[in-house]
Amino acid sequence: MLLREQEHVLTYNGEVLVFQLSKAKPVEGAADKTMKLCVRRMAFDRDTKLFVQKSSGEFSMRAKHLETEIVCCSCTTHSRTGIILPCVLLKMKKRNNVVKYLLLLLHSSNQFEQSCHFKLDYELKEDIRLFTGPSVLWRHANKLFYISSNTCTVLSAPLQLSSVVWTGEIEGEGTVVLGIGTACLPEGEDEDEFSTSDQAIWGTEFFGYAIEKQKMLPGTCFMPHAYSRVVSSICVGKNEKLKKQLRVSLVAITHKNQLIWFQDGIPKGVCELPYEKPCSIKTAATSSNDLLFIVSFASGNACVVWRENLQVASKWQKVESVLVDDFIGSGTEQVLLLFKGDSDTDALNKFKITDFGAVNHESGITYKDDVPAAQGLQENGLLTIQALETRLQAGLTSVRELQQHVDLKKRVILESCRALIDLVEERSHVLPAADKEDLVCLWDDVETVPHSLSKEALLTPKVSDNFIEKLWQRVVGDSLVVGVKLTESFYLSLDDVSLSLVMDQDFSSIPPIIECRNKIIKLNKAFSALSVSSYQIEPPPKKMKLDLDSRNDLKKECHKRCSRTHLDGAKTVTAVTSLSPLLAFHHVCCIVLLHAKKQTHQNDGLQKSKRITLFCGKILLSLEDISNGKYSVNMLRDNSYCTGSMEDILALLAVSIRFSFQIVSADCTLTPVNSWLLGEMDCTPFKECHDVIFCHKAGNMYGTVFSWTLKSPFEGVLKLFCRSLTILFQCLHSLTRVLPPSCHIKLLKSGSKGVLTEQLALALEKEMLALRSSFSSKESQAENNLTTWNELGMKSSDAPMASLLDSDEGVQQFRKKLQKERE
C-alpha cells in the first residue's frame, strides 16, 4: 500500500478529534522516513455555528520500508486509572509480510502514550474491536483473538465463530463478546437424526463470551437462535442481574433490512429500514428524553428510528460518518452527520447537528442575520424547558412518595382501629410484623393470651350493663342518630363524653371510623329540654367539650364542701352521621364506643380524671329496614298531643340546631306567643314532655321543635330546634307579625348567668386550693430556713446578744436589727 494521507474522526467529551496520518518532509542524507500521527481537537462554536480548532498534537515514528495506516480508533477505559481515553490502533507492514501493530492512548494534554505493540504474520481485517484495558480483539480463521496492554500477549478464546456483533460491558460479567457460530449439538445426538433444538434447526447459534471470567453465556437471554442467521450488528442498552438472572435490552439490525428490539431475549418490535445493507447502529438520548437509534449503511446512507414507536424519523444520503455526543454543551446528546465532500476538503466542512427538537445546526447556512438577543432567548427557552422538565420529574417522584406514605398511614390506621375494637371487646389481637411495612416495632415482647381464656370467651364481647340503660337508633331524613342512655350515678362521674361509630366489617378501601357529631341531651323529671348545642366531628372524640348546661350537671364539689343535690333524670349521648354512605354497603354493622374522662376523688379534695373507652354494643342497619320505616321517627296526633316516644324526641333534638331568644314587652303581655304556637304554627305538645311542642305545619317548618317559658307576663324565653337557618328566619318572620312593635327580641348565647357564675366560682375555688397548697409548702420551707438561720446566728453571736433574747425588750431590739439586715 502506498503512503497516502488518511483521516479518521472520533468524538470525545463533546469535541471532535480528527486523526490524520501523513509523512514528514525528508531530511537530507537520512535513509529513514518519518511518519506523523496528528490530532486536531475541534469544538463547535455557537456564535459562528462552525467547528473551530482548540488544540492539536502529534506523534512521530520511524517508518523504514514500512506501509503505515490507521486501522481504527475508539474511546476505551484505561484500566490503570479508570478514565475513558481516546485510543488509536496503527498498522505498520514490512516487506517480508510481517505486520506490526501499535496501540496508542491520547491524553488531555494531546500527548500520545504507547500502550502496547505486537506482531502478526497476517493482517487484521475482520471484526476488529477496541475495549477496556485498552485491549484489541479481532477474528481470524473463525477464531477469536485478543491482546491486552496488561499482558502484551496474544490470547485466543476456545470457541469457533463466524462473526462478532458486539463487544462491551455487561453487569456482573465484565467485558463480553457477543457472536454467532456454528451450532454444536449435544453429546450423544446424531446429526442425521431430527432434532428439535434451535441450534440444530437453524445450524447456527448466538452466544456470549466473558473474556475476564473465560466462560460462556447463554445466547437465549439476548435473542433466540433463529435470528443468528440474519443479525449483522447489535447495540446493548440496559442490562442488569436480578436473582442471578441476566436481564438485557438490546436492538439489532439484520441482513433483511430490519431493526428489531429485544427485551430479555424476546422480540418486542420491528422496523423496516429504508436502505439496504445496514452495517452499524448507535443510540442517542436527546433533550426531550427520547431514545434514538442511528443506523449506518454500507452505501453511505444513514437513518434515525424513534425508540417509542420504532418509526423512521429521518434519513440521509452520502454520509461519511455519524457521531453522537453533546456538541453544543446542553447536557444531552445530539447527532453529528459528516457528509461526503471533495477529496481535498476537510471532513468538518459539511455537517449537520440535530436532536430532532430545538437543536438544528447545518453548515452552509448563514447566521449573520440572527440577532444575538434572539439567540439568548432561544438558549434561555431551552434551559427553561429543561428546568421545567426536571421539576416535573421531581414533582412526580414526590407525588409517588407521598402516595406511598399516605397508603402506609392508611394501613396503620386501619390496623389500629381493628386493635382498638378487639381491645374494647376483650378479644386477642395479633399485630402484623413491622418490618413488612418498613417500620420499627416499639415492643420487644409479644403478649400472649393466658391459657385459661377459651377461644369462645375471646370471641364474645363483654358488655357492661351497670352504666347503660338503653342503646337505640333512629333515622331522621338523611341522618342516622345513635343514642346511648346512661345511668345517673355513672354519668355524674364522667366528663368530656362522646361516642364513636366504628364499622365492624373489614373494608380495606375505606376507613372504619365513621365521621359523626356528638350531642348530650338531658330531659329531667319535669321534662324541660336541656339540650346541648355543641357539635364535634369524630374522630378524635377526646376533643369534644360539653356545653355549660351539661358541664354544670357533671361537676362535683370537693368532699370537704357540702354535697350538692343531684339533678334528676338520665342523660343521653347521641351521635349523628350521614346515612347515605352507609347504605351503599346494603348491610352495615357498627360498633358503638363511649369515650369519657372518669373522675375520682383524692384525699386532698381534688379530682383526678382518667381517659376511658367503653363498649356500648352494636347496631345493625340495612336498606330493607330503612325502606320499611323500622327506625323512622313517628310524630302523630292523639287528643291534642304528639305521641312520639322519648327516643323520637331526642333524635329530633340531636339533628336540630338550637336557638334561644329572649322576648321582652314593655306595653303588653306576651300571650300572643302561645297563641301563635298553637294556632298559626299548628304545634302540639309531646305527651311525654308537655313543655316541648312539635310543629305540624306543612312545608319546610314541619318537624321544628319549640319550647316557650314565661319568666313573667312581660318576659319569656323561646327556644327553637330547627334543621337550618332558612327555617329559623321563616319562624322569626312569622313571629314578628303577631308581636306588637314595642317587643324586643334578643338572641341568647349558650348558658345562663347563673351557670356562668357557678362555673367561675368552681374555677376560682380550684385555683385557690392550689395556691393555698403552694403557699403552705413555701411557708413551711421559709420557717425551716429561718429556724436554721437563727440557730446559726445564735451560735455565732456573742453572749450579750444571747442575753437580749431573754427579755421582751431584747426581743424587740433583735427583731429591729433583723429587719434592717433583711432590708
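Let me begin with strand β42, residues 715–722, in which 7 of the 8 residues are buried, so that the strand is largely enclosed by the rest of the structure. I should say at once that this is a predicted model, and everything I describe should be heard with that in mind.

What surrounds β42 in terms of pairing? On the one hand, strand β38, which covers residues 657–664, is joined to β42 by 8 bridges, and the two run antiparallel. On the other hand, strand β41, residues 705–712, pairs with β42 over 7 bridges, again in the antiparallel sense. The connection between β41 and β42 is a hairpin, with 2 residues between the strands. If you would like one residue to hold on to here, take leucine 718 of β42, which stands opposite phenylalanine 661 and is also the bridge partner of tryptophan 708.

Staying in this part of the sequence, let me turn to helix α8, residues 646–655, where 9 of the 10 residues are buried, so this helix too is largely enclosed by the rest of the structure. The buried residues of α8 include the acidic pair Glu647 and Asp648, and they also include Ile649, Leu650, Leu652, Leu653 and Val655. As a reminder, an α-helix has 3.6 residues a turn, so residues three or four places apart point the same way.

Let me now step back to the chain as a whole. Its secondary structure comes to 13 helices and 43 strands, and of its 823 residues, 41% count as buried. Among the contacts with a separation of 6 or more, 53% are between residues 24 or more positions apart. The chain exposes about 46400 Å², of which carbon and sulfur atoms supply 53%.

For a second sheet region, consider the open sheet of 4 strands whose order is β13-β14-β15-β16, with antiparallel pairing. Its edge strands are β13, at 163–170, and β16, at 215–217, each of which pairs on one side only. From one strand to the next, the twist averages 30°. Within this sheet, β13 and β14, the latter spanning residues 174–182, pair over 7 bridges in the antiparallel sense, and isoleucine 170 stands opposite glycine 174 of β14.

I will close with some individual residues, starting with threonine 76, which lies in strand β5, residues 67–77. Is threonine 76 buried or exposed? With a relative accessible area of 5%, threonine 76 is buried, because the cut-off for that term is under 20%. Leaving aside residues up to four places away in sequence, threonine 76 touches Ile83, Ile84, Leu85, Cys87, Leu130, Phe131 and Pro134.

The last of those contacts leads to a backbone feature, since the peptide bond from glycine 133 to proline 134 is cis, with omega near 0°. Proline 134 itself sits in the loop between β9 (126–131) and β10 (135–140).

As background, most residues other than glycine have a negative phi, and most peptide bonds are trans. Against that, asparagine 13 has a positive phi of about 55° although it is not a glycine. Asparagine 13 is found in the loop between β1 (6–12) and β2 (15–23), and at 63% relative accessibility it counts as exposed. Lysine 277 likewise has a positive phi, near 55°, and lies in the loop between β20 (266–272) and β21 (278–285). With a relative accessible area of 61%, lysine 277 is exposed.

Notes:
Residues numbered from 1 in each chain as written. Predicted model: local features only at pLDDT ≥ 70, side-chain atom pairs only at ≥ 80, totals over all residues. Heavy atoms only, no water. Buried < 20%, exposed > 50% of the residue type's maximum accessible area, 1.4 Å probe, protein only. Pairing = 2+ DSSP bridges. Axes fitted to C-alpha atoms, helices over the stretch in contact; angles between N-to-C directions. Contact = heavy atoms within 4.5 Å. Areas by Shrake-Rupley, 256 points an atom, 1.4 Å probe, with all protein chains shown as cover.
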